[in-house]
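Hi there,

Here is the structure I promised to pass on. Have a look at it first, and my notes follow below.

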Amino acid sequence: MSISRKLYSFPGGIHLPENKLQSLGLPIQSVPLPDKLILPLQQHIGAVAKAIVKAGDLVKKGQCLAQPQGFVSASFHAPTSGTIVEIAEHEIPHVSGLSGLCIVLQPDGEESWCELQPIADFNAAAPAELVEKIRQSGITGMGGAGFPTSVKLSPPANAKIETLIINAVECEPYITADDMLMREQAAGVIEGVLILTHILKNREAIIAIEDNKPNAITAMQHALTGLSEPHCIEIAIIPTRYPSGGEKQLIQNLTGKEVPSGKPPLHVGIVVQNTATTYAIHRAISHGEPLISRIVTLTGEALNKPGNYEALLGTPIEHLLQLAEIDNKKLSRLIMGGPMMGFALDSTELPIVKTTNCLLAANSAEYPEPTPANACIRCGACAEVCPASLLPQQLFWFSMGGELDKAEQYNLADCIECGACSYVCPSRIPLVQYYRATKGELAQRSADLKQSDHARDRFEFRESRLAREKAEKDAKRKARAAASAKAQAAKKAAAALAEKEGGAPATGGETDMVAAALARVEAKKAEAKKTEQKQDVESTTEQKEAVTESVEAPSKPQDPS
Amino acid sequence: MTILLAIFALPLLALIFGGILGFASIKFKVEGDPIVDQINALLPQTQCGQCSHPGCRPYAEAIAAGEDINKCPPGGEATIEELANLLGRDILPLDAEHGEEKEVKLIAYIREPECIGCTKCIQACPVDAILGAAKQMHTVIVDECTGCDLCVEPCPVDCIDMLPIETTVQTWSWERPKPAVELIASEHQPLRAEAVS
């Protein structure tokens with residue numbers, strides 16, 4: 001038992017009212033099948049998945065419905081057997097409240113699985129095979145961001161992974177999904193850690209749990225001592241302080257290493273995975289089950305039966321809220337995610353996605369309407385609690401003034417949007433919202449810059465193409481002119497040659513021929529006058545035609561030029 | 001004697017340094033005008049020609065030659081400010097003669113059933129963002145369109161619309177919070193016009 005691990009610390013942080021007990025009263029509840037499942041094509045960070053089924057298709061439970069497009073993307077699978085009703089735009093659980101393409105599945109209630117292909121002995125399998133299996137199972141980070149797990153597990157060949165950290169901190173108030181998972185499925189989580197260790201070949205694996213989850217710690221320690229094989233896993237108990245579950249904060253807390261700005265943890269030889277993700281990896285490898293369900297904490301004063309529910313992905317929120325016996329009279333705000341980093345939802349028709357760890361149905365006392373902000377009094381409390389050692393106050397001024405360059409220089413990109421600064425602000429300034437807006441403006445600016453560079457390249461390419469086409473046309477015309485000049489010269493030379501050889505000059509000959517023809521015409525006319533009285537009009541016309549022919553005939557070989 | 005030494009030493013030094021400078025001016029000769037590239041990098045590259053130059057680079061060359069920096073409506077105030085910073089000139093208001101700054105970025109869309117396939121817009125597009133062939137329907141590659149408007153005018157059947165880009169989950173971003181003054185009704189400043197009347 002290595003609970004004596006030396007801990008470091010991270011700057012800032014705050015102590016929040018935990019509010020975790022409400023949802024810990026019940027074991028993990030199962031959820032009856034809803035009428036329909038709504039599966040957004042984008043439940044992860046990266047490229048949108050591509051649907052490989054169409055409306056009317058019958059699908060089995062666990063059948064792949066959408067394939068990843070590109071490296072940073074994720075597939076997803078049918079959470080239950082049934083019929084695909086439609087693939088259409090539907091509201092998705094995103095902070096913007098926008099809609100996106102979703103596959104709508106109507107369950108048939110039979111829950112008949114497709115053929116599963118577990119990997120019986122992961123120790124005998126090649127790491128690449130396991131990573132591919134994880135990719136095929138559609139596993140993404142289940143802690144909040146939803147980054148495809150297989151990407152994290154495919155480090156560049158030269159990277160050396162020293163440490164694997166399992167993030168079981170769950171530092172946000174109210175959320176208990178990982179806590180309950182560890183209590184009930186500790187062995188599965190440990191199995192997942194062993195699989196990850198086999199893939200990454202790391203020297204040590206640390207499962208980090210906050211000290212406010214004693215039951216989960218006991219369960220995990222129990223599962224760890226039960227392991228027969230030798231392992232490198234240890235459990236680190238870290239003091240409860242928000243946001244100790246932030247990736248960079250957790251690494252700093254456990255190893256003392258700081259991840260450089262803009263670099264992934266891989267840069268310091270560390271990979272961090274969430275507990276629920278680790279458990280999903282275990283299900284995918286050892287049981288062959290793709291990611292089709294997750295544990296969601298339903299909590300808040302507006303619910304009469306708060307707890308953790310194992311919901312199929314795509315389950316409408318309304319279905320879960322009914323199950324947790326929501327009291328709509330008490331409900332003031334519905335939040336997806338935790339109270340610090342989550343976002344308010346407008347609709348209960350939205351589905352559960354891979355990253356939904358909590359639904360907080362708060363009453364007006366828990367989540368009062370925000371009071372208007374006062375002016376900044378420059379107290380500096382925000383800088384004291386910032387876990388990324390930024391200067392929140394300066395960033396606030398830059399954001400207000402639209403000074404994007406300054407904000408960038410002051411490392412706005414390193415802000416993890418934890419909300420600690422807003423929480424302690426005595427003037428109740430919504431600081432994080434300013435930072436998010438400014439981050440958006442910065443992203444927009446860099447996208448615009450990229451586009452304008454691209455447009456410049458295309459414009460310059462077009463200019464050069466037009467110039468080339470013009471040059472080609474000129475060259476062609478010149479070549480044609482040269483060819484005709486040559487032909488002319490050749491003809492002249494031939495004429496000169498003919499003159500030299502004694503014959504009358506060609507042009508002179510022609511004149512003679514014309515003159516001869518005219519003479520012939522005259523003669524014929526004279527003859528015709530003589531015979532006019534004897535012959536009829538028709539014969540004259542015939543003669544005239546003949547004359548025209550004879551005049552035209554010699555002009556035929558003439559050069560049109 | 002010393003004066004002679006000085007008289008000879010100075011021209012000698014001058015010769016040596018002159019030689020070095022001459023060598024450097026040939027060896028490290030700068031191709032083209034770097035300031036034009038810097039100006040061009042600040043221009044929005046819509047290639048719309050509203051500045052009355054045939055593209056952004058020609059305008060950059062004209063600015064380097066002394067033309068005013070306020071003739072680029074797509075770039076707007078922000079571009080004028082950046083150019084003023086770069087060149088050490090005064091910030092001028094946008095020259096209304098060349099057009100107005102648009103609030104949102106617009107992109108060309110062809111109403112495809114109405115397109116007669118005349119290829120006039122294809123020839124007008126400065127960034128080759130329109131696909132099509134004679135007597136075939138044309139379409140705009142939305143990702144490549146700079147919203148320069150140049151294709152609208154030549155279209156004989158007026159089937160090109162300039163529409164704002166739709167916000168998607170990928171491009172959406174947070175808005176800045178409203179200042180408190182706008183949130184509290186009682187603190188709203190009555191407009192001067194209202195106060196007078």
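What radius of gyration does chain A have, and what would a compact globule of 561 residues have? Please keep in mind that this is a predicted model. Chain A comes out at 41 Å, whereas a compact globule of that many residues would be near 24 Å. The box that its C-alpha atoms fill, taken along the principal axes, is roughly 140 × 60 × 55 Å.

On the make-up of chain A: there are 14 helices and 17 strands. Of its 561 residues, 41% count as buried. If you take the contacts in chain A between residues at least 6 apart in sequence, 72% of them join residues at least 24 apart.

One helix pair you may like to look at is α1 (residues 127–136) and α6 (residues 275–286), both of chain A. Their axes lie 10 Å apart and pack at an angle of about 105°, which means that α1(A) is roughly perpendicular to α6(A). From α1(A), the contact draws on A:L130, A:K133 and A:I134, and from α6(A) on A:I281, A:A284 and A:I285. By type, five of these residues are nonpolar and one is charged, with no polar residue in the contact.

Finally, the two chains. How many residues of chain B are in contact with chain A? There are 23, and they meet 22 residues of chain A. On the side of chain B that touches chain A, eleven residues are nonpolar, eight are polar and four are charged.

Happy browsing, and best wishes!

Terms used. Residues are numbered from 1 along each chain as its sequence is written. Chains are lettered from A and ligands numbered from 1 in the order in which they are written. This is a predicted model: local features need pLDDT of at least 70, side-chain atom pairs count only at pLDDT 80 or more; totals for chains, interfaces and linings use all residues. Two residues are in contact if their C-beta atoms, placed from the backbone, lie within 7 Å. Ala, Val, Leu, Ile, Met, Phe, Trp, Tyr, Cys and Pro count as nonpolar, Asp, Glu, Lys and Arg as charged, and the others, Gly among them, as polar. Helices (H or I, at least four residues) and strands (E, at least two) are DSSP runs, numbered from the N terminus. The radius of gyration is taken over C-alpha atoms; the globule rule is 2.2 Å times the number of residues to the power 0.38. A residue is buried if 20 or more other C-beta atoms lie within 10 Å of its own, exposed if 12 or fewer, and partly exposed in between; C-beta atoms are placed from the backbone. Axes are lines fitted to C-alpha atoms, for helices over the stretch in contact, and angles run from 0 to 180 degrees between N-to-C directions. Angles under 35 degrees count as roughly parallel, over 145 as roughly antiparallel, 65 to 115 as roughly perpendicular and the rest as oblique.
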